[in-house]
Amino acid sequence: MTTTRLRAGLLSAALCLTLAATGCTPTAGPDGTATTAATPAELTVGLVLEPTDLDIRHTSGVALEQVLIGNVYEGLVALDGDGGIRPELASDYTVSEDGLHYDFTLNEGITFHDGRPVGAAEVVASLTAVLDDDSAVGHDALSSVSRVEEGDDGTVRITLSEPDSQLLWSLAGRPGLVIPVSDTVDLSDTAIGTGPFTLADWRQGDSITLDAYEGYWGTPPGLDGVTFQYITDPSAAVNAVLAGEVDVQTNVDPTLAVQLEDVDGVQLVEGRTTDVYTLAFNNAIEPFTDVRVRQALRQAIDHDALIAAVGGAGVRIGGPIPELDPGYEDLTDVVEYDPEAARQLLAEAGQDDLTLRLTIPNHYPEAIGTVLRSQFAEVGVTLEVTSVEFPLWLNDVYTNHDYELSMVDHAEARDFGNWANPDYYFGYDNPEVIELYRSALTATSDDEAADALARAARLVSEDHAGDWLYTATAITAVSAGVTGFPTDSTTARLDLSDVTLER
């Protein structure tokens, strides 16, 4: 359990003794008088999903973004609390009328965590490294960038070959992070950025610890440090809150949240998310090449019953774009729960005695697999549920596409492009969707881009390319004394620069 700094200044030895129970310890000051020995304000945060390594350039998954972006790594721009764009390492930026030139003015005094100064040359080198590395996560997001260069006045100019409505969004994510370019730094087990925290320790299978960076160029963080404690078992996470072993627990299992509702000093906060719990069909293999099978499986799912089974912390969505993202449209009318119609479609497709394998990471509620197995059985489909460790899921499903059905939380915001990428693990290839997505990227206005995305999302849903079980509602347990902790989209990013801890 963590304790916090007693911000009482100088106290007499007698007063300090009266406060000993709260953690105040008398020590000798320079003049021999007693002072209070401050206890560091170190926050402990319970998380579920641990990264397999720390290489944010080449390792996919939100687990890295959750703890490193905004804390250890920064970019020219960042996301604000509402998902909009704000300047970060850049003090300001301008965009030309034709949308082909972006000019960024940098803040002063920026340094990497190893003390090296960061100017336009370092930013250009970092962005160029992503452009030149087709294996880098986010490389494709910069496909419209033709040149990155340093201006005469120390600015950074990005020139595009065509307008890109998503460029600033991309720069606020992985491809835009400013990381020192080095052949000697192994990013798989270290992290050197410009953010308010430095990487202090990574105990694989246990925790990641960050310390406040004393040389930070911006407003110093309100915490001396933070430990992200990985607790994969939902019951163990609740017990950690009850025992005071964590100050904040994210992703509280909705079915267990009742255990924390009346606990003194603990507040349960509901937050919005872009977490789309997606039932993926491997569209590249039979029987999912038959749209009748895909539609039948969707009609076999009672989404309301499924949401109730996982504690009710979710809303129906009906399509691949969540409410917080551009292009959202309520698509729940595309397909209705209809077991009889599902059975008929399967019979027409010659699949009235179908057995399918569902691969699901083992940190998700067992109720998801249990409910789907029962509902599919009602339409004559035998569902074999295989629960695996997340690294195995990444290898087998995400990388090698070795699966039939899979269920995973797609927490990344604005990730509709996955449905316009035939090489993604969904195996979905629709030229009309690809063209609409391209239109959205090259749009010259936000409204035009959102309209193209909405039309593309409807096509994907009407083609039954997968099923979007629900968008999750995040439940976070926050202990008394913690202020400023982000509670929206906690699975995606946890910028703790404005968090404070008092007791």
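Okay, so Pro287: you'll find it in the loop that runs between β15, residues 276-281, and α6, residues 291-299. The thing to look at there is the peptide bond from Glu286 to Pro287, which is cis, with omega near 5°. Keep in mind that this is a predicted model.

While we're on backbone angles, here's another one. Asn251 has a phi near 55°, so to speak on the positive side, and Asn251 is a residue other than glycine. Asn251 is in a loop too, this time between β13, residues 248-249, and β14.

And a third, this one in a hairpin. Strands β6, residues 90-95, and β7, residues 101-106, run antiparallel and are joined by five bridges. If you want to get the register, put Ala90 opposite Leu106 in β7. There are five residues between the two strands, and Gly99 in that hairpin takes a positive phi near 75°.

Right, on to the sheet. What's the strand order? Reading across, we have β10-β11-β12-β3-β13-β21-β14, seven strands in an open sheet with mixed pairing. The edges are β10 and β14, residues 266-271; each has a single partner strand, so one side of each has no neighbour in the sheet. Within that sheet, let me pick out β11, residues 207-212, and β12, residues 225-230: they pair in the antiparallel sense over five bridges. For the register here, Ser207 stands opposite Gln229 in β12. And just as a reminder, in a regular strand the side chains alternate between the two faces of the sheet.

Now let's zoom out to domains. The assignment splits the protein chain into three: domain 1 is 40-72 + 195-265 + 480-502, domain 2 is 77-176, and domain 3 is 272-473. I'll stick with the pair of domain 1 and domain 2.

Their C-alpha centres are 27 Å apart. In terms of contacts, 19 residues of domain 1 touch 22 residues of domain 2. How much area do domain 1 and domain 2 bury between them? It comes to about 1,500 Å², with 45% of it on carbon and sulfur atoms. Which residues of domain 1 lose the most area to domain 2? Those are Arg57, Tyr213 and Trp217, and together they make up 49% of what the domain 1 side buries.

For the polar part, there are 13 residue pairs in polar contact between domain 1 and domain 2, counting pairs with both residues at pLDDT 80 or more. On the domain 1 side, α2, residues 62-68, and β10, residues 197-203, each supply at least two of the residues that touch domain 2. By type, that side divides into seven nonpolar, seven polar and five charged residues.

Then the charges. Side chains of opposite charge can pair when their charged atoms come close. Between domain 1 and domain 2 the count is two salt bridges. Have a look at Arg86 with Asp495, where the closest N and O atoms are 3.8 Å apart.

Across the whole structure there are 16 salt bridges. One of them is Arg438 with Glu162, and there the closest N and O atoms are 3.0 Å apart. Arg438 is in helix α11, residues 431-441, while Glu162 is in the loop between β9, residues 156-160, and α4, residues 167-171, so this pair ties together parts that are 276 residues apart in sequence.

Technical notes:
Residues are numbered from 1 along each chain as its sequence is written. This is a predicted model: local features need pLDDT of at least 70, side-chain atom pairs count only at pLDDT 80 or more; totals for chains, interfaces and linings use all residues. Side-chain values use heavy atoms; hydrogens and water are left out. Domain bounds come from an automatic or database domain assignment. Contact means heavy atoms within 4.5 Å. Buried area is the accessible area (1.4 Å probe) that two parts lose on being put together, summed over both. A salt bridge is a side-chain nitrogen of Lys or Arg within 4 Å of a carboxyl oxygen of Asp or Glu. A polar contact is a pair of N or O atoms within 3.5 Å; within protein, one must be able to donate a hydrogen and the other to accept it, and residues adjacent in sequence count only if both atoms are side-chain atoms. Helices (H or I, at least four residues) and strands (E, at least two) are DSSP runs, numbered from the N terminus. Ala, Val, Leu, Ile, Met, Phe, Trp, Tyr, Cys and Pro count as nonpolar, Asp, Glu, Lys and Arg as charged, and the others, Gly among them, as polar. Two strands pair if DSSP finds at least two bridges between them.
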